[in-house]
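Please look at the sequence and the three-dimensional structure below, and keep both in view while reading. The paragraphs that follow take up open and enclosed spaces, then aromatic rings, and then disulfides.

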Amino acid sequence: MTLLLRRLTLIVLGLALVSLGAGPASSQAPTRGHAAEAHDMELVGHDDLQGRSAYQPTIHQQRGRVIAYVGHHGGKARNPLTGTEEDNGTSIVDVTDPARPRYLAHIPGMPGGPEQGGAQMARVCDRMGKTYLLRTFGNNIPGSAHEVWDVTDPAKPAKASTVASGLTSTHKNFWECDTGTAYLISGDLVKTDPLQLGPSGWRTWRMTKIYDLSDPIRPVFVRDFGLAGQQPGSTGPIPVAHGVHGPIVLGNRVYFAYGTSGEGLLQIVDRQKLLSGPKEPTAANLNAPEISRLQMAPNWGGHTAFPILRVPIADWAPNTKEQTRDFVFLVSEAIANECRESRHASFVVDITAETRPFGVATFQVPESKGNFCKRGGRFGPHSSSESFAPIFYRKLVFVAYFNGGVRAVDVRDPYAPREAAFYIPATTERTGERCVTNGTRSCKVAIQTNNVEADERGFVYLADRANTGLHIVRLTGEAARITGGN
């Protein structure tokens, strides 16, 4: 073979390898630090979200399109659509074609640092012929609020109302799209709210303010809620001083997770009693709708309490009773970089006898599988997906695992949850550093998959805390077969 022929052969082989490795243009962001890692999951599309630190993705089908609404931590970035620098708020991205996401708009949030400003939470509902975004405005800063925006045209969001203002520590809300009832996680009011039935002065970092948003333009206050002992005027020990992290509603039950990363608690509440019972925040009125609670170990907290009900236990089919069981998937959040804390995990709680919840299994990713404690940033769970999409429900739960990416957990046998798949995105030139100090300051570039969500089509959406953007993935191989895919 001549020298020229050998060179031509090498060129052709090189082009073939590039072709085989290429995916959608949006997924080929340059790497910095770590390449992508995966098992039975593959990247479909990516949007860098203008380099903003991302918290909560919410996926909503509206008028024949699929739109992602992504809440952000505080900070600033340039918005190429307006040519100006804007405080991090809410990104709106058309993901109808997940391989080619299209950034539509950015709604600026409150000025402030990562845990002070921004607009972390995003929920979306169709009400009265329009589509509305419910979001937080600010977080751990006085003057924070909850807002509603009209996003019927997602490229042209318009402010619709302020639900509650003068707050602090706003966080992980829940909005019932069928009834309009909203559960707004908040800190104590900076000043007395004339709509409140009781005075301000809650003895906890976060409690729940419930509003009727059936007409999102005209919010109606319903009541404040928390654990007895947290309410204004109470004395003695404070149960879970950190407060509630977030609720999830299913049927006539509200599942509250408290504590986030320590002194955790799962509370199961009767929704009808919560909304229709006496509203003055006395100990008796706060206890009245409670069905049960599960106190967690001191080093674990309740970040997300995801109900998985009516699960058929295949191995129990020969039994004459209780072959179908109810569970909550309860996640404790890792909060310290490079494992400088107790190890956090996710827990399966059997609530079939809902007055006596009982932990029956644990899920965690072994650190040794990826030397994760030395990669930089946090390692461990943050939250689970909250999707009730039939393609995944009772089969798979997706857990955001910070530098461990997203982990798909097979929960068909809730007594023995197992990992079915994972995807760890590649770092890019936008990925931020995470630092620790032990005599000297050391910083590393690391993916920080913060929250995940899934849609009815079978796609999973990863929001990155370290500015890397939104990753859209799908299952492959054996994991896809769990959902009935190829």
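A pocket, in the sense used here, is an open set of grid points with protein on both sides within 12 Å along at least five of seven lines, and its lining residues have an atom within 4 Å of a point. The model in front of you is predicted, and in this model the largest pocket has a volume of about 690 Å³. Its lining is made up of 24 residues, among which F174, W175, C177, E386 and F388 lie nearest the centre of the pocket. Two or more lining residues come from each of strand 3 (54-62), strand 10 (122-127), strand 14 (174-175) and strand 32 (449-454), and strand 3 gives the largest share, namely five residues. When the lining of this largest pocket is sorted by class, 11 residues are nonpolar, five are polar and eight are charged.

The second largest pocket holds about 260 Å³ of space, and of the 17 residues that line it, E115, W205, T260, E333 and R465 lie nearest its centre. Here the lining divides into three nonpolar, nine polar and five charged residues. W205 also takes part in another arrangement, since the charged end of R206 sits over the ring of W205, 4.4 Å from the ring centre.

Besides pockets, the structure holds five cavities of 30 Å³ or more, a cavity being a set of points where a 1.4 Å probe fits but cannot get out. The largest cavity has a volume of about 70 Å³, and its lining includes F306, I308, F392, Y393 and R394. Strand 22 (304-312) and strand 27 (396-402) each supply at least two residues of this lining, with the largest share, three residues, coming from strand 27. By class, the lining of the largest cavity has nine nonpolar residues, two polar residues and one charged residue.

Turning to the aromatic rings, the structure holds 12 aromatic pairs. One of them is formed by F372 and F379, which are stacked with 4.8 Å between the ring centres and 5° between the planes. Buried means under 20% relative accessible area, so F372, at 2%, is buried, and F379, at 3%, is buried as well. Elsewhere, ring pairs link F225, F256 and Y258 into a cluster, while the charged end of R407 sits over the ring of F422 at 4.3 Å from its centre.

Finally, which residues are joined by disulfides? A disulfide is a covalent bond between the sulfur atoms of two cysteines, and a search of the whole structure finds three disulfides. C125 is joined to C177, with an S to S distance of 2.0 Å. Because C125 lies in strand 10 and C177 in the loop between strand 14 and strand 15 (181-186), this pair ties together parts that are 52 residues apart in sequence. C125 is buried, at 0% relative accessible area, whereas C177 is partly exposed, at 34%.

The disulfide of C339 and C373 also has an S to S distance of 2.0 Å, and it is left-handed because the torsion about its S-S bond is about -85°. C435 and C443 form a disulfide with their sulfur atoms 1.9 Å apart, and here the torsion is about 105°, so the link is right-handed. If the bonded cysteines are numbered in sequence order, the pairing reads 1-2, 3-4, 5-6.

Methods: Residues numbered from 1 in each chain as written. Predicted model: local features only at pLDDT ≥ 70, side-chain atom pairs only at ≥ 80, totals over all residues. Heavy atoms only, no water. 1 Å grid on protein atoms, 1.4 Å probe; cavity = no way out; pocket = protein on both sides within 12 Å on 5 of 7 lines; lining within 4 Å. Points joined across faces, edges and corners; volume = space filled by probe spheres on them. Helix = DSSP H or I, 4+ residues; strand = E, 2+ residues; numbered from the N terminus. Nonpolar A, V, L, I, M, F, W, Y, C, P; charged D, E, K, R; others polar. Phe/Tyr/Trp six-rings, centres within 6.5 Å; stacked < 30°, edge-to-face > 60°. Buried < 20%, exposed > 50% of the residue type's maximum accessible area, 1.4 Å probe, protein only. Lys NZ or Arg CZ within 6 Å of the ring centre and 35° of its normal. Disulfide = S-S within 2.5 Å.
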